[in-house]
Amino acid sequence: MGLLRKIRDTGRVAEPAPPEPDGEQPPAAKEFGGSVQVRCVDAGSCNGCEIEIAGAFNPVYDAERYGARLVASPRHADVALVTGPVTRNMAEPLRRTVAAMPEPRLVVAVGDCAINCGEFAGGYGVEGAVSDVVPVDLVVPGCPPRPAEIVAALRRVTGR
Amino acid sequence: MNTVGYAAIVLQVGAVVAGAPLLTGLMRQTRARLEGRAGAGVLQPWRDVRKLLRKEPITPIGTGPAFRWAPPLLVATSLVLAVLVPLVSTDTPVRARADLILVVSLLALGTLALALAGLDTGTAFGGMGASREMTIAALVEPTILVAVFALSIPAGSTNLPVIVAGAADQPARLTSPAGLLAIAALAVAVLAESGRLPVDNPSTHLELTMVHEAMVLEYAGPDLALVEFGAQLRLAVLLGLLASLFAPWGIATGASLTAVLLALLLVVLKVTVLGMALAAAEVFWAKLRLFRVPELLAGSFLLALLAVTASYFLGTEGGAR
Amino acid sequence: MSKGLFTQLLDLACGAFLLAAVVVLWRRELAAIVRLFALQGFALAAVALLLGLHEDRWDLIAVAAGIGALRAGLLPYLIRRALTAFVAERDGGPGRRGGSEEARETQPLVNVAASLLTAAALTLLAYAVARPLVELDPTPATRALPVGLAVVLIGFFVLVTRRRALAQVVGFLLLDNGITATAFLAASGVPLIVELGVSFDVLLAVLVLQLLTVRVREAFGTTDIDDLRELHD
Amino acid sequence: MSLIPAALATATGLGVAGAAAGLVLPQRGRGAVVGVLTAGVGVAGGASGVAALGGSRWSAEIPGLLPLAGTHFAVDALSGLFMAVAGAVVAAVAVYGVGYVAGHGAHGFGSRAAQALLPLFALTLVLVPAAASVSTFLLLWELMALTSLLLVMAEHRARASVREAAVWYAVMTHLGLVLLLAGLSVYASQAGGETFAALRVGTAAMSPTVRGLVFVLTATAFASKAGLVPLHAWLPRAHPEAPSAVSALMSAAMVNLGVYGLVRVGFDLLGGGPAWWWLLVMAMGGLSAVYGILQAAMASDLKRLLAYSTSENMGLVVLGVGAAGLFAHAGDKVLAGLALAAALLHVVNHSAFKSLLFGAAGSVLRATGERNLDLLGGLRARMPITAGLFALGALGAVALPPGNGFISEWLLLQSMIHGLAVPGVTTAIVLPLAVAVIALSAGLAAAVFVKALGVGFFARPRTEQAAAAQESPLLMLAGMGLLAALCTALALVPGLLGDGLDRAVAVVGFAGTHPVSGGGLRVRLDEVSASLSPLWVVAALTVALGAVTATTRWASRRQRRRMNARLWDCGGGAPTPRMAYTATSFAEPLQRVFDDVLAPEQDVDVTPVRESAYLVERVAFRNRVPDRIEHRLYRPVLDFLAAAGQSARRLAGGSVHTYLGYGFFGLVALLVVLVVGW
């Protein structure tokens, strides 16, 4: 009963949807038609971006309302959200993950580290940026990017 | 009669096929609203299916016909169920074939096909999912069949339309203890069969807690679309079955088209309400530990058994004739 | 009221009565168990009320009211108070087991699934035993007689297999509820005095047991009956 | 009319000829000749059985054949059913055996002795139901037991475990024989005549206690032959160790005769009895159904799994028989007929799919030398036809549509559900439990055969033997093909044996309800009805499947399928076959759920490195699920026997021949008794 009361008192926490982000939809995403399954790959980040991604899917930002959903297997996924500089140990797994995804598929690099290794550039354990390992279709700059920006990127993919 | 009967079947199958994803969408939406989210909208499951159909099918190495044919078989069994189960009319051309035991075993057939597919991949998760699914399926079986027993006593038959029609013209059967116990037992069984909370969590991302999801980790594209669609069909048919078993009011028993249409409207309404109630309940439930599930099923089995004994000892009808 | 309606309602009440007893076996939280017990008391009162209305016996209706007050109100209240007292004390008190431990029947002697199946067997047994009695005069009331017996057996079973003293108290009360129900359904109502006497005994028993459990708790810091074995060694 | 004696005579002639051929022929060509002759035995026996099912009866007395008492034969629809089943199985398995023996050398199943015994065993299987007097019946029964025993021992050179199994089988089957002997001789002496006709007549005059005694003795004996718990101990030993052709014969034809005996003696001769007989029978059946399938769920040895599943199915059959007895006792001949028909139909179905499954298991054993599911896998790619046949048999065994097992279990459930119409508290309490038992065993059977098929045949091979497997020779496939065709026919048009079933039921005086007719099943009792048409189900499923695939193909944008994609390995190394679920791990959840029933033995021993107790060097985990009933029931007895044996070594020397001797002496003693009897 306590939970019921809480639900009643809380009501809707999702913020009103911001206007559609500008920037054209990546060509591969044309076929998705408002439904995108997302698989996150942490290629060696400091987990800052992970926290923000979690934020993007929480009730407040609620990325799900635009048709994006996190899934457990790359076979189910259309988009790989890759974070962090690709460490040597994660390079091969990242390639395999992307290879496991059925066509058409997109790779979204989230955070400065994913785009240009950011802080960790030239680290001995760093293989390189995500684009050095797998083709990247979309980037979300920021260290870490704000949930709103991640959501905006996902909206460009879902087109909603 | 026949034309109306066929019309009823066509309408029913059409409604189930079109409505199953919508039902899932509605349940997700209900959950989302209760959690303070905006929700992806009721149409989202259809969007998912469309998108998955556009994607590339994948056959992993070392898999064979079982993996290839399980998804279509799952959907096929669900479709046959959608034809058999009397949702809008008890007076259809297939009414002689709609046997409750047959319905139960067709459900089991779909489960079994998917379990074999999970083993066919040879991955640890596939095997794990298959093993858990079959364990639960095996334990659900007694509950369901004893509940079937309880339902068939007053009707004197395991034929679904007979049971439903009988319940429709004397509602006293439903409010008797036997009826209520049978409802409770069958409801638990339906939760287990359709892989919902608290038996299985359909939206989990953690492989180790998966039951149904773990078997389908390897499917992609259209195959995955079929698997998800099949699961949605099963849920819709099962909720519809519950609705017409325990709230049969308004179901068409005659051969008038208007009655059929009205019944269609009503059944859609009932299933909607049931679905929303289930979704709301799921907000409050947590998934049971796998090895607590037997307790739940033992409980529901007990309820079913009590239903049988009650309908024999308390009930004036049934029992000694 | 009409015969059919009476039968319907009586069967419903008895169904709820039995169901409450069964679910007591199912649940682990003592709080939930107490709630169920209150529900059962309510069902029992309903049975008495129905019988009274059916036979226009005002004493029965009065008894029903009494039962409702006692079993759906007072006894659950007392037990709940004892429970909260336990939990409160357990949560305080460094190095002792937490209140959550006290508030749940974590490890019954017979695991839950098994005890549920046992309950099924007991119910069948009750039906089989009560069959001849029912044959004597098959009225709706007597036909529901097995329910009372089943609850007696289940109550006994709870008393035997549960570890927490409070759970055992509830088991004892289930047993008493069952006896009362059997009395009602068989003789359609024991005399008012007897019923009051019985209930009064129960009340005393509960108070005694509660005092006992309080003492136990103060002495050993838990009400797990098995811990009392230490007294022997 | 004259078909039956002619066919039986042919069968006998062929059987003897086969035995002779097995003895005299050189090793090459022996298998083929013996196989053909044995198949002939099967065909002839089957033909006579079919004729009997068709309604013709035959009975004769052949005085000179057996010393002392003459031999009596009588064939009616009931015996016809069992003869037909045995004949069909024998014929198919004989064809299979020709291919099977080709692989073996002059030893084991290919040896002179085994090849000579096979036709005799087949012959006894066909003839036992035709026996119409106590002495004839017992003689054939004992012959069957001996031939099967020696056949079980065929491969004793290869594996020592065979001997142990043989000893178990010898002891139990002969204890059974002794009980049967006692029961039937008491019966004969009380009834004043040893022909079945005389027994039927004499029953009326017998006191209830005597009839009860006779029933209990004979029922126990028949139950042990049918492999019912707790008398099943020989079954999971003998079946795996016997050559697969023999296991198929034993599991699909021999155990049936236990049921035959139960029905013949219980219903036909004793003419039914009080409720407690049948409650006893039902209890035994229910126990074996659940316990058998549970042990099958735990087993990782393929043939052991199948053996336990046999014990489960026999349990279901006997459950039906017991229900029939209960209904008959309550005076409802119609329901009794329905239940008995369901039980007999399940006998037929079980024989069909179980012989097929044992055949497939045999080809797996032949191809890989492995019975352990944990070491198999990946056979689907290497022996596709065998895998397909096994799948077909498994479909029948899991009692799901469109398998043939589903039909008989559906009928069984119907008879139980409608049985509640019989007044009385016993039925009201027993029948729901019976339904629950059937349901639970069906559910567990699904898990069992998903395990057998998915772990044994699917995914990738776990060992080199499995990887090197080759498809079986043509004749084995042909034999299995016959059985597969039989399964399919039974699954699609059970109406084939509709009238025969009714006649068989009518033999024991129950009303035939025509449950199976034409393309479907229909249960019509007053105010009760249900119907099922397998053909329609299959058609509907096929249509739906076609529609689904067509729609998907039409709707999906990308037609090109990415083949042989790498399995999703979570990004790590590719999963090795060792990561795939084994039969043991598949059964683990069930083992946990039924912990209290199965009482598995697990022990973990951790050996730390010498330097520090905290660094673990090796962890060993052992987990085995012993047959609990066997441990609790047989161990004490065996220990007692061992203790007794210490004092009297001469009696229980543990050598098979001693035990056989007892059996023979018992038989001779009986014959003497019978002669002195008049």
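Which residues have the most contacts inside the largest nonpolar core? Here are some notes on this predicted model, beginning with that core.

1. The largest nonpolar core has 518 residues, and those with the most contacts inside it are Val47(C), Leu249(D) and Ala446(D). Helix α17 (residues 425-456) of chain D is the element that gives the most to this core, contributing 23 residues. At least three residues come from each of two domains of chain D, namely domain 1 (286-302 + 326-554) and domain 2 (580-624).

2. Ala446(D) deserves a look on your screen. Leaving out residues up to four places away in sequence, Ala446(D) touches Ala108(B), Leu112(B), Met134(B), Ala137(B) and Ala138(B) in chain B, together with Val398(D) and Leu400(D) in chain D.

3. On the chain pairs, five pairs of chains touch, and the most contacts are found between chains B and D. Chain A and chain C, by contrast, do not touch, and their nearest C-alpha atoms are 13 Å apart.

4. Chains A and B do meet, in a contact that takes 25 residues from chain A and 26 residues from chain B. On the chain B side, the elements giving two or more residues are α2 (44-54) and α10 (221-246). Of the elements there, α2(B) gives the most, with six residues. By class, this side of chain B has twelve charged, nine nonpolar and five polar residues.

5. Helix α1 (residues 2-34) of chain B is a nice one to check by length. Its 33 residues, at 1.5 Å each, should span 48 Å, and the end C-alpha atoms are 45 Å apart, so expectation and model agree. Along the way α1(B) bends by about 40° at Gly19(B), with a proline, Pro21(B), following within four residues. After α1(B) comes Gly36(B), which has a positive phi, near 80°.

6. Finally, a word on the start of chain D. Is Leu3(D) buried or exposed, or somewhere in between? Leu3(D) counts as partly exposed because it has 15 other C-beta atoms within 10 Å, where 20 or more would make a residue buried and 12 or fewer exposed. This residue sits in helix α1 (residues 3-24) of chain D. Apart from neighbours within four places in sequence, Leu3(D) is in contact with Ser48(D), Ala51(D) and Ser56(D). Pro600(D) lies 597 residues from Leu3(D) along the chain, and the C-alpha atoms of the two are separated by 55 Å.

Terms used
Residues numbered from 1 in each chain as written. Chains lettered and ligands numbered in written order. Predicted model: local features only at pLDDT ≥ 70, side-chain atom pairs only at ≥ 80, totals over all residues. Contact = placed C-beta atoms within 7 Å. Nonpolar A, V, L, I, M, F, W, Y, C, P; charged D, E, K, R; others polar. Expected span 1.5 Å × (residues − 1). Bend = angle between axes of the 7 residues up to and from the residue. Core = buried A, V, L, I, M, F, W, Y, C linked by C-beta atoms within 7 Å. Domains from an automatic or database assignment.
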